[in-house]
Each structure stands twice: as structure tokens, then as C-alpha cells.
Protein chains: 2
Amino acid sequence: MNTTIELKHERSEVELPMSLAPDISKNGHVAALSPDRIFQIGTGFFAAKTVLSAAELGLFTELAKGPLDAETLRTRLGLHPRSARDFFDALVALKLLERQAGKYSNSPEAELFLDRAKPSYVGGLLEMASVRLYGHWTHLTEALRTGAPQNEAQAGDEPFAALYSTPEKLESFLRGMTGITLGSAKAIAAKFPWQQHRTFADVGTAQGAVPVQVALANPHLSGIGYDLPAVKPVFEKYAAANGVADRVRFQPGDFFKERLPSVDVLIMGRILHDWDLEQKKVLVSKAFDALPEGGACIVYEAIIDDARRENAFGLLMSLNMLIETPGGFDFTGEECSGWMAEAGFRKISVEHLAGPDSMVVGIK
Amino acid sequence: MNTTIELKHERSEVELPMSLAPDISKNGHVAALSPDRIFQIGTGFFAAKTVLSAAELGLFTELAKGPLDAETLRTRLGLHPRSARDFFDALVALKLLERQAGKYSNSPEAELFLDRAKPSYVGGLLEMASVRLYGHWTHLTEALRTGAPQNEAQAGDEPFAALYSTPEKLESFLRGMTGITLGSAKAIAAKFPWQQHRTFADVGTAQGAVPVQVALANPHLSGIGYDLPAVKPVFEKYAAANGVADRVRFQPGDFFKERLPSVDVLIMGRILHDWDLEQKKVLVSKAFDALPEGGACIVYEAIIDDARRENAFGLLMSLNMLIETPGGFDFTGEECSGWMAEAGFRKISVEHLAGPDSMVVGIK
């Protein structure tokens, strides 16, 4: 009964549990068809929303101050007695909490990444998902029927208004972006031939995960983090904390309204998927125009495999763009290579980074 | 990078993918802490809602008639062109669809369990989750703060009104219940000492998965499926289709208002968790009162392990009871044994069935 079915991602495997499986033989192969995997995927929102609500409530932040018994933790979080223990123990079973002698504490990963008081906090993304994204996905069927986004824009509200409402909330959100990008940022810093270049800019840099990692791994480089003006203090604090403030500076700007920075290498990460086909091509062309001869453009995100069969996360992220944007969509390495070639880039290549992410590189 | 972290369930393991993992060593152990598993669980609602919407839209039912290209499938389902291919290919990556020479078809498990035209259809539960349960979980944080359910009852509507609105919808939903129960039904039929008994009744029987399996495996038994009157035609059709209509009959009733059937063995599956502590004890006592000396009561559901550390599904199901009912909750084998002992049962034992399910057995 303890067996899994593998869902292959590009360069990674998703193993799904067969916790309801009655008809599985001992050698791990499916002996008879069972609906268990279908239910497993279909009820995945239970665990997801439980973790999102825990982040929203600041549960891990409270426990980072020290272990607490159920009643004290419940009171601190303002929870009703009815289901507080089930909530806490579900998080124990999901291995995000530990419980010893009746006191709850964070698992090592929760302690490091889900305590708002630590610079390593990545829960801003989960808080955002808890209060808005999860709910917007309720309307996926409607979105598929109409092609229209299902977020605050529908009601005429600004989607990210809540996130950007205070510097603290903005920083929290941008830290979360760093959390999902750090692995790929390190891979870009290591895999791209930086020795041939001296300057770079990261367009839509957020907290600056990529510029910081690129600068840390390549002492000869100096770079720019380019983003909307509100991002500046968060970026500069992060660059300083990582000891690269002397080589990495912030440049405020709107990449549709202004010319991109003049540097040897332009990086665009998790940007293109927000926009429709025409806008994507405009951005790729703007990168081409801003680069010198021999300069490079790096596009990285959860690039879908060309056969559109393996990278489930990239394909699901494209549905997230349906929910969140008027025309955005994720794309394959082949599609991105085509837009780059059309803009004039040559020597275009696609390389895997980390998890579902790959980069597409083109030379001017 | 191809590694997993194991979440142990009672008697089963949930392996979660590390598709975003940058810092995992090749031998499968975590070399450095990474937030990837946190994001993995937290974004599980993407895949979940995608599968739920596919069931709601009848996508698998359409493909069961024959393979279709993307444009034909899109038109048949009434989808907007924008994201239809991403939707279909996400289901390919989740291994619920196949795609050959540009034509989509169902995976073997989707073909068997997600075609509304087949008696093996279990998608009724997914359709229900898509149109109501997923959305109600949006309000988990509020539910945890107030202890109050977050379903249609909040608005004064009858929770299952839509599901029971037509005989077809009711049958579809009850088939889904069979889908998640079949493994445990077979285990109950095989593991309980039925040779010592001649008659049984399944209280809250739904389509009759348990009575049918018990009767099939034990030709000397005759039994009753007990449920609300609307369930009768669905139950009788299922019993007849399985060739046990001569030994398994339907008895309409309301288990709070009426005396339970007089039989040797009373089964209560996925019933007790719907109710508060007092109501649970009333039901256990009613079972005791209805049984003869030497008779047995079998309670089965996603019984939580006594340490409340392993059975994540049972603990999450308890949060689902918070969302769906005024006072329901899931429980451990130890708790259930206590209620049974209090009612007068003896020789109480807990035995694992399939997946997250166990049974608690007591003798009068």
C-alpha cells in the first residue's frame, strides 16, 4: 500500500501519494486501476489552504518565539476552541510543526522560512495566496469559459493594492519572490558565461535575488536591479545585507514606458508570462535595442517543455496568468526562442536551472 | 534534484515533490534547508482546482466518446480560446490525459473513473468539490477564528440542495462516495469475522458500497442499507447490478429520529464525524441498544492515529467538518473506543483498512 505513482516534471519528479489505495501490489506497480490518485490531486486544496491560513495567521512567527501548548497558541492567534488542535496537528502531520510533551514548535524549514521576524521569511507569497489567489481560483471554470481574469481587476480594484499598501507588506511579498527564485538565481550565477561580460541589469528585479547571487558569484561584475520606484528601499536593504551594495544598485523605471538600462546582459525573470503575445515581443525587442553588439538577453521562468507534457507547474502557472492577468500566459523554450530570433537575437539556447525553471539565452 | 520528502500517514506515505528544489543532494537527503516543500504544499490548489474544473466541465466524459483535437474539444466544452490548450496540457502533465498526434484522450484511470456514462464514475465528488467545497475553504481562516461552518448553511441555504436536486445528481454524488469507500469496503468484508454473524446493516449507506462488498465476500449473510428515502433507487440499482439484490435490501430512515435496524452487526461509516460529541455518543448508544447480546458495531472512517501525528488526511478531514458542519469533527481510535466503552461495548479493537481509513469494532 505504500507506493507512489510518479508524475514526471522536466528534470524533476512529482510523486503523488496513494494514501487511499486499496489495489496496489507490493512491488510498487499498479495492480488494478483505482481512483485514488484522482482524489489525491483533487483534494490537494485541503493541505494547501491549511498551510496558507497558518502563514496568514502568523502561526509560525508566534512559535518562533518559543514552544507553546495548544491553548496558549490558540489564544495568541485568536482562534476558536473548536478546531484549533486539529489545525495544529494537521500541520504536525504535514511536518511543518513538531509537538513534544504537548508543546508545539516549528519544523526546521518552517522556523527558517515562515517566521516574519527573520530575513529568510518567504511567507509573504503564502499570505498573498491565502487572502486572494486561492479564492480567485474558485472561478477557474468561469475563467476557462470567458478567457477573462478573475481577480480584483474584475471589480475594478488594483490587484496588488493590498500587497503594496505598506512598505512592510511589500517587503514581505518581495521576500517571498526571493524564496521561489533563489535556486534559479544561483544557477544563473553559475551557468551563464559571465566572464565575457562586465555589466548586467535584472528587469523586474523585486528584492534582487538574481543581481545579488550573480554579483556574489562573479566579483568582476557590477549590476542594476530595475523595478518600480516603490521597490527601491527593499532592494537596497537586501543588497546591503548581502554585502554587494557597492556593485549592485537600484534603478527605478517602468519597462513599458522607458528604455531599458544599457548594460552587457539583460535579465528578465517571471516578467514575460504576465503579458500577452504582442507585449512579450515588445519587451524582447526593447531588450535587443538596449544591448550592445555581443550583449546577451536571459529570459528565465517556469519555461514549459517544448512537447508541453512534463512541466506541470509551468502549465498550471499559465492558468494562474489567466486568473491574474488580461492576456498573460506561460510559454515553451521554443516559443521564446522564436520571439528572440524575430527580434534579431542569435545563438539562442535553452538551459535548465532549478525545479521547473529554465533560461532562454540569446546573443545580439 | 529528483528527490522527495516523505510525509508519513498512518500505514501510507505521502511523498511530496521537490520540483523547485535547488539544494538537494543526489542521495535523496536534504543537504540544506529550502522553502520548496512549503511552496509545493501551498500551491497544491492549482492542480486540485484544475482537476475539479475538468470534472465539472465534463471534459473526461467528452473524451470517452473518442479522441479529439484541441479545437474540437474546446468547442464541445464551450471554452474560450485563450487558455484551453494550457488547461488540456496541464492535465496531460498531471497524467490524467494523453495526447498523441495532436489528439487528446483519457488516461486509463480517467477513462474508467471520470466518464459520467460509466457506472464506475466517481467524479460526482469532484464536481461537488468544484462548485462548492473548494470555494468554502476560501474561508478557512474565518472558520478557525469563529468555529462556524462556511458553507451554504451560512446563507440559510440547504448544503446539499444542489446535489439532491435531481436523481441524476444524487446518483452521481453517491457513486463518488463509493469511489472513495471501495477499498475500505473490501477490507471490512475480508477482515471482520463475518462467519460468526448472519445479518448486518450499514447506517448511512449511500450507494451501498459496504453492504455489496460484504455480501459478495460472505454468501451466508443478508443485510440492509439504511439511509434517507431519496437514496433508495440508487442503492437498489447498485445492489442489482452487483448481483446481491436478493440478500441486500434498502431500509429508509433517519438515524436520529428512529430506532436502528435489528441485526447482528451495525456498520457506521463516515457518519460520526459529521456530528458533535453529544450526537456521536447518541449514535453509538443507539447502535448498542439495537444490537443483540454478542452483536457487533463497526465504526469506520479516516480515523486519526492516537498520537495525532501521522494521518494528515484524517486531520484535514476534521477541518473539512469545521467548514461543512456546525459541530462535526474527526477523531482517534482511542476516542471512539472510549465512547463505545461508555455505551457498554466490550472487546473494543481498532484495525487499519485501506489508505487513511481504519475501523473500530466493539461487541455488545
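## Two helices in chain B

At what angle do helix α9 (residues 167-191) and helix α11 (residues 232-241) of chain B pack? The angle is about 50 degrees, and the two axes sit 10 Å apart. That makes α9(B) oblique to α11(B), and their crossing is right-handed. Keep in mind that this is a predicted model.

As for who touches whom, α9(B) brings B:E171, B:L174, B:T178 and B:L182, and these meet B:V234, B:K237 and B:Y238 in α11(B). Sorted by class, the residues of this contact come out as 4 nonpolar, 1 polar and 2 charged.

## Chain A in outline

Chain A has 364 residues, and 62% of them count as buried. Its secondary structure adds up to 14 helices and 12 strands. If you take the contacts in chain A between residues at least 6 apart in sequence, 64% of them join residues at least 24 apart.

## A helix pair inside chain A

Helix α2 (residues 44-57) and helix α7 (residues 123-136) of chain A pack at an angle of about 115 degrees, and their axes are 8 Å apart. The crossing of α2(A) and α7(A) is left-handed.

On the α2(A) side, the contact is made by A:F45, A:K49, A:V51, A:L52, A:S53, A:A55 and A:E56. On the α7(A) side, the partners are A:G123, A:L126, A:E127, A:A129, A:S130, A:V131 and A:Y134. By class, the contact of α2(A) with α7(A) has 8 nonpolar, 3 polar and 3 charged residues.

## Where chain A meets chain B

Here is a helix pair that spans the two chains: helix α5 (residues 84-93) of chain A packs with helix α13 (residues 312-324) of chain B. Their angle is about 155 degrees, with the axes 9 Å apart. An angle over 145 degrees counts as roughly antiparallel, and α5(A) and α13(B) are therefore roughly antiparallel to each other. Their crossing is left-handed.

From α5(A), the residues making the contact are A:D86, A:F87, A:D89, A:A90 and A:A93. From α13(B), they are B:A312, B:L315, B:L316, B:S318 and B:L319. The contact of α5(A) with α13(B) has 7 nonpolar, 1 polar and 2 charged residues.

## Aromatic rings

Searching the whole structure turns up 32 aromatic pairs over all chains. Take B:F256 and B:W275: their ring centres are 4.7 Å apart and their planes are at 85 degrees, so the pair is edge-to-face. B:F256 lies in the loop between β8 (248-252) and β9 (265-269) of chain B, while B:W275 lies in the loop between β9 and α12 (277-290), so the pair ties together parts that are 19 residues apart in sequence. B:F256 counts as partly exposed at 29% relative accessibility, and B:W275 counts as partly exposed at 25%.

Ring pairs also build a cluster with members from both chains. From chain A come A:F45, A:F46, A:Y134, A:W137 and A:F313, and from chain B come B:F45, B:F46, B:Y134 and B:W137. Two of these names will look familiar: A:F45 and A:Y134 also take part in the contact of α2(A) with α7(A).

## Two buried residues in helices

A:R175 lies in helix α9 (residues 167-191) of chain A. Is A:R175 buried or exposed? At 13% relative accessibility, A:R175 counts as buried. Setting aside neighbours within four places in sequence, A:R175 is in contact with A:R116, A:K118, A:P119, A:Y121, A:V122 and A:Q207.

Over in chain B, B:A143 is part of helix α8 (residues 140-146). B:A143 has 1% relative accessibility and counts as buried. Leaving out its neighbours within four places in sequence, B:A143 is in contact with B:A148, B:Q150, B:L322 and B:I323. B:A143 and B:A245 are 102 residues apart in sequence, and their C-alpha atoms are 43 Å apart.

## Positive phi without glycine

Which phi does A:A206 have? A:A206 has a positive phi of about 60 degrees although it is not a glycine. A:A206 is in the loop between β6 (199-203) and α10 (209-217) of chain A and counts as buried, at 13% relative accessibility.

B:K347 is not a glycine either, yet its phi is positive, at about 50 degrees. B:K347 is in strand β11 (residues 346-352) of chain B, and it is exposed, with a relative accessible area of 62%.

Note on methods
Residues numbered from 1 in each chain as written. Chains lettered and ligands numbered in written order. Predicted model: local features only at pLDDT ≥ 70, side-chain atom pairs only at ≥ 80, totals over all residues. Heavy atoms only, no water. Axes fitted to C-alpha atoms, helices over the stretch in contact; angles between N-to-C directions. Helix = DSSP H or I, 4+ residues; strand = E, 2+ residues; numbered from the N terminus. Parallel < 35°, antiparallel > 145°, perpendicular 65-115°, else oblique. Left-handed = near helix turned anticlockwise from the far one by under 90°. Contact = heavy atoms within 4.5 Å. Nonpolar A, V, L, I, M, F, W, Y, C, P; charged D, E, K, R; others polar. Phe/Tyr/Trp six-rings, centres within 6.5 Å; stacked < 30°, edge-to-face > 60°. Buried < 20%, exposed > 50% of the residue type's maximum accessible area, 1.4 Å probe, protein only.
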